[in-house]
Amino acid sequence: MEIVIVGLGSGGLYASKSALGYNRKCHVTIIEKRDFDQFSPCGLPYVLDGTVKNFDALKYDVPEMSSKLTKLINHEVVSVDNEKKIVQAVDLSTSNMKEIKYDSLILANGASPINLPIPGAKELVGKGVHFVSNIEDTKALLEAAKSSDKKSAVIVGGGATGLEVAVGLRELGLDVAVTKRTPHPFPRNLDPEMGKIIVEHLEKSGIRVLFGKGIDRINGTQKVESVKIAQETIECDIVVMAVGMRGNTTLAESIGARIEKGLVPVNNRMETTVKDVYAVGDLVKTYSRIDGTPVTMQLATSAYRQGMAAGINAAGGNTPYPGALNTFVVCVGGLEIASTGYFLGMAKGLGYDAKAVSTKREDKPHYMPGAKEINLRVIVGAKDGKILGAQAVGEQGAGWRINLFALAIHGNMTLHDLMDAELSYNPPISQMYDPISQIAEIGLKRLRQPPNECDKVFFPGSSPG
């Protein structure tokens, strides 16, 4: 069996591993346009602030497994004939064409950064308008920041990349402003109440926050000179577009796969609408693990899990992708921001009778040095207390707590289950009464739900029945 994978990101890598692990008789060919194997896109902003020493540190190789795996690095797919099941690819270093036959095809060719359709944005790309999507464009941004005459940058976008880059450029000594049209950061992940905490943190870091205003135009002829935001002109020579990614769907469309709002819809086997063609990662539309609602996710953690399912299925197996929760964590200037599942506005928009419960508590006992405040928010069903989503913001401990909430959602747990959970405790690490337990108790009181009742009495050593 011949499997061809287009793209060597997280999804493509784990698709190859899963296919070869499931079916030892199959052969996998990976076609990658880059002239090196892999890199970590999530690490790019941390080169800007010096946390990661250089861009080469983000690169790593994928070893070829004898004759079972072939890597065509620095190759680009030109066309796919799905009737004859042949992929044509060009060697970008020699211009030689190659034909690769396949039984199953997996598209894992990712996404590209979006540039806003405003005056000056397209015209000034490479002349002060920058992106952070790969090593080349981030390296160009770093060089521009170090040689900036105005020492001023404007970041367009209030998601993970935009805020990470804002902090990185601030660390390099630039004056930084962040703008976006919606009034709070992470509008697809957090409720406004949690967004306010992030805004305060950014402002304390010396970053000017212009949320709810957006950018109207970028001024300049030969290079960026300023931007116009809500009737205000801000002098700068760097603009970073961090408004999201658009799936690379051209190849999928050419094969005949259905495209919906710039994404490739897939079923729970990661199959497209074309037989024997699968798709994973940033270019797909998938579904929520909670209730099957269509969702967009562009996270490495989701991509690799999709790749595992697609690889097994492409190799002759039959395994489902369990769905996405969009569980994520990001560290912005020392502040952990994390979420999973639905935020309150989304839950209500989907028809849930949902309520939000919030708490703020130190993550260690008050007498321990290094105790930090953590803000937790959980979204639950108003009648049954079922966990639909959670958010956490704090200098430490936000990420692992959200991982527990993600597991709770996966297990269809309620606030009662969280209240009953036995969590570890040691003063240098955690509270005896963890913020997770606290928010469960607060939530049950607000929902006026009584404690679980004891339906059978038993002593240790006897069966509870």
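Visitor: How many aromatic pairs does a search of the whole structure find?
Guide: The search finds 5 aromatic pairs. Keep in mind that this is a predicted model.

Visitor: Take F36 and F39. How far apart are the ring centres, and at what angle are the planes?
Guide: The centres are 6.1 Å apart and the planes stand at 70 degrees, so F36 and F39 form an edge-to-face pair. Planes over 60 degrees apart count as edge-to-face.

Visitor: Are F36 and F39 buried or exposed?
Guide: F36 is buried, and F39 is buried too.

Visitor: Which charged end sits over the ring of F36?
Guide: That of K59. The charged end of K59 is 4.5 Å from the centre of the F36 ring.

Visitor: What else does K59 do? Which side chain does it meet in a salt bridge?
Guide: The partner is D56, at 3.6 Å from N to O. K59 is partly exposed, with a relative accessible area of 34%. D56 is exposed, at 53%.

Visitor: And K17? Which ring does its charged end sit over?
Guide: The ring of Y14. The charged end of K17 is 5.2 Å from the centre of that ring.

Visitor: On to salt bridges. How many does a search of the whole structure find?
Guide: It finds 18 salt bridges. One of them joins K33 and E76, with N and O 3.6 Å apart.

Visitor: Where do K33 and E76 lie?
Guide: K33 is in the loop between β2 (27–32) and β3 (38–39), while E76 is in strand β6 (residues 75–81). The two are 43 residues apart in sequence, so their salt bridge ties together separate parts of the chain. E76 is partly exposed, at 31% relative accessibility.

Visitor: What about E260? Which residue does it form a salt bridge with?
Guide: R258. The closest N and O atoms of E260 and R258 are 2.9 Å apart. E260 is partly exposed at 27%, and R258 is partly exposed at 44%.

Visitor: Which residues are linked in a network of salt bridges?
Guide: K85, K275 and D276 are linked that way.

Visitor: Switching to cysteines. How many disulfides does the structure hold?
Guide: The count is 0.

Visitor: Why no bond for C331?
Guide: The closest cysteine sulfur is in C42, and it is 13 Å from the sulfur of C331, so the gap is too far for a bond. The cut-off for a disulfide is 2.5 Å between the sulfurs.

Visitor: Is C331 buried, partly exposed or exposed? And C26?
Guide: C331 is partly exposed, with a relative accessible area of 34%. C26 is buried, at 1%.

Visitor: Now the surface. Which residues make the nonpolar patch?
Guide: Y367, Y425 and M432 make it. The patch covers about 390 Å². Y367 sits in the loop between β26 (354–362) and β27 (373–381).

Visitor: Backbone next. Which residue has a positive phi of about 55 degrees although it is not a glycine?
Guide: N326 does. N326 belongs to the loop between α7 (300–314) and β24 (328–332). R448 also has a positive phi, near 55 degrees, and is not a glycine either.

Visitor: Why flag those?
Guide: Most residues other than glycine have a negative phi.

Visitor: Where is R448 found?
Guide: In the segment after α11 (435–446). R448 is exposed, with a relative accessible area of 77%.

Visitor: Some distances, please. How far is L44 from M297?
Guide: They are 19 Å apart in space, C-alpha to C-alpha, and 253 residues apart in sequence. L44 is in helix α2 (residues 44–48). L44 is buried, at 1% relative accessible area.

Visitor: How far is K122 from V52?
Guide: Their C-alpha atoms are 30 Å apart, with their positions 70 residues apart in sequence. K122 lies in the loop between β10 (111–113) and β11 (129–130). It is exposed, at 73%.

Visitor: Last one. What separates D149 and I198?
Guide: 29 Å between C-alpha atoms, at 49 residues apart along the chain. D149 lies in the loop between α3 (135–146) and β12 (152–156). D149 counts as exposed, at 63% relative accessibility.

Technical notes
Residues are numbered from 1 along each chain as its sequence is written. This is a predicted model: local features need pLDDT of at least 70, side-chain atom pairs count only at pLDDT 80 or more; totals for chains, interfaces and linings use all residues. Side-chain values use heavy atoms; hydrogens and water are left out. Patches are made of residues with over 30% relative accessible area and no salt bridge: like charges are joined within 9 Å, nonpolar side chains (Val, Leu, Ile, Met, Phe, Trp, Tyr) within 5 Å. Accessible areas come from the Shrake-Rupley method with a 1.4 Å probe; for residues, only the protein chains shown count as cover. A salt bridge is a side-chain nitrogen of Lys or Arg within 4 Å of a carboxyl oxygen of Asp or Glu. Helices (H or I, at least four residues) and strands (E, at least two) are DSSP runs, numbered from the N terminus. Rings of Phe, Tyr and Trp (its six-membered ring) pair if their centres lie within 6.5 Å; planes under 30 degrees apart count as stacked, over 60 as edge-to-face and the rest as tilted. Buried means under 20% relative accessible area, exposed over 50%, partly exposed in between (1.4 Å probe, protein chains only). A charge sits over a ring if NZ of Lys or CZ of Arg is within 6 Å of the ring centre and within 35 degrees of the ring normal.
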